[in-house]
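Biologist: I would like to learn how to read a model of this kind, starting with a single helix and working outwards. Could you take me through it step by step?

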Amino acid sequence: MGRKRSSPMNVLSEWVKKQSMRMKICLGAMVALLALVALKLTIHDLNHFYIGSEFIHALGIIVLIYKLTTKKTCSGLSLKTQELTALFVAARLVTIMAGGIYIILDVITLVATLWVLYMIRFKLKSTYIKELDNFPLYYLVVPCAILAILIHPNTTYHFLICRILWAFGSYLETISVLPQLRLMQNAKMIEPFTAHYVFALGVSRFLACAHWIIMFYETSGKFFYLIGSGYFWFGAALLAEIVQTFILTDFCYYYIKSFMQGQLIMRMPV
């Protein structure tokens, strides 16, 4: 049963709904700023942001596995987003530019994603709505490859190909969710498990973006001086995180709105 319309959550939702777009943007910025301050005050090791980001991403894919296992349908899921996820995680793994818990989380994410791909392509193929999953992959892969060749880390001892692959994976991760968002826009509504998965991606990317922003703050903008010296990778990486966070912001707004209104099925705005 849904929540009563007089509940504080619904009152807040209705108030936000009546505000202008400029006010909504300002409110969103204020909430994000407060969240950043809270994270800065409670988490002192910046590596925990990245670990949390990857953990929540893996948790989102586990939600998909639960859906595919129990509901026996992949309706509403984008095969292309899963393919891009497997591609950027694999690219990151082969570079061996991160170790320890990072590799473990990436391996878990890759294995889980490959399982989801197998289920969509073979076991549950009849429930996959290919017509709605119509975002051309080369629009995403080719620009990321070109950008990675032009701008990649150049302050490490790793081979050039490894640094390019790392940058490629980072750029591709930024826009890998676009096919899923396109599919949901085409379908006009989203069932709960898919919504939970995409929301998990949004939280994951916010933590990753917070990692970079707080790092820039704590180093007094040291990386901006490196950018001025020709090291463009740091700026590109930060921009990529910000772009991905903004891509998912709109969805997260509607997800939270639906949750506050007690709706099980999200409806995407036209």
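Modeller: Let us begin with a yardstick: the expected span of a helix is 1.5 Å times one less than its number of residues. Please keep in mind throughout that this is a predicted model.

Biologist: How many residues does helix 4 have, and what distance does it reach from its first C-alpha to its last?

Modeller: Helix 4 has 17 residues and reaches 25 Å between those two atoms, which is close to the 24 Å expected. The yardstick can be applied to helix 3 as well, where 25 residues reach 36 Å, close to the expected 36 Å. Just after helix 3 comes Lys72, whose phi is positive, near 55°.

Biologist: Is helix 4 mostly covered or mostly uncovered?

Modeller: For that we need a cut-off, since a residue is called buried when its relative accessible area is under 20%. By that criterion helix 4 is mostly covered, with 12 of its 17 residues buried. Among them are nonpolar residues such as Leu79, Leu84, Phe88 and Val89, but Lys80, Gln82 and Arg92 are also included. The cover over the buried residues of helix 4 includes helix 3, helix 5, helix 6, helix 7, helix 8 and helix 9.

Biologist: Which residues of helix 3 are buried?

Modeller: A general point helps here: an α-helix has 3.6 residues a turn, so residues three or four places apart point the same way. In helix 3 the buried residues include Tyr50, Ser53, Glu54, His57, Ile61, Leu64 and Leu68.

Biologist: Why does Leu59, which is found in helix 3, count as partly exposed?

Modeller: Leu59 counts as partly exposed because its relative accessibility is 42%, and that class lies between the 20% and 50% cut-offs. The C-alpha atom of Leu59 is nevertheless separated by 8.2 Å from that of Tyr197, a residue 138 positions away along the chain.

Biologist: Which residues touch the most other members of the largest nonpolar core?

Modeller: In that core of 50 residues, Tyr171 and Phe251 touch the most other members. At least two residues of the core come from each of several helices, including helix 3, helix 4, helix 7 and helix 11, and helix 11 gives the most, with nine residues. Leaving aside residues up to four places away in sequence, Tyr171 touches Cys144, Leu147, Ala148, Ile151, Trp233, Ala236 and Ala240.

Biologist: How many disulfides does the structure hold?

Modeller: In general, a disulfide is a covalent bond between the sulfur atoms of two cysteines. This structure holds zero disulfides. Cys144 is classed as buried because its relative accessible area is 5%, and Cys74 is buried as well, with a value of 1%.

Biologist: Which residues does UniProt list under "transmembrane region"?

Modeller: The unreviewed UniProt entry lists residues 50-68, 101-120, 132-151, 157-178, 198-217 and 223-256 under that name, although such annotations may be inferred rather than shown by experiment. In the model, residues 50-68 are 100% helix, and their end C-alpha atoms are 28 Å apart. The span 198-217 is likewise 100% helix, with its end C-alpha atoms 29 Å apart.

Biologist: What does the secondary structure of the protein chain come to?

Modeller: The protein chain has 11 helices and two strands. Buried residues make up 44% of its 270 residues. Of the contacts with a separation of 6 or more, 81% are between residues 24 or more positions apart. The accessible surface of the chain comes to about 14700 Å², and 71% of that belongs to carbon and sulfur atoms.

Technical notes:
Residues numbered from 1 in each chain as written. Predicted model: local features only at pLDDT ≥ 70, side-chain atom pairs only at ≥ 80, totals over all residues. Heavy atoms only, no water. Core = buried A, V, L, I, M, F, W, Y, C linked by side-chain atoms within 4.5 Å. Buried < 20%, exposed > 50% of the residue type's maximum accessible area, 1.4 Å probe, protein only. Helix = DSSP H or I, 4+ residues; strand = E, 2+ residues; numbered from the N terminus. Contact = heavy atoms within 4.5 Å. Areas by Shrake-Rupley, 256 points an atom, 1.4 Å probe, with all protein chains shown as cover. Disulfide = S-S within 2.5 Å.
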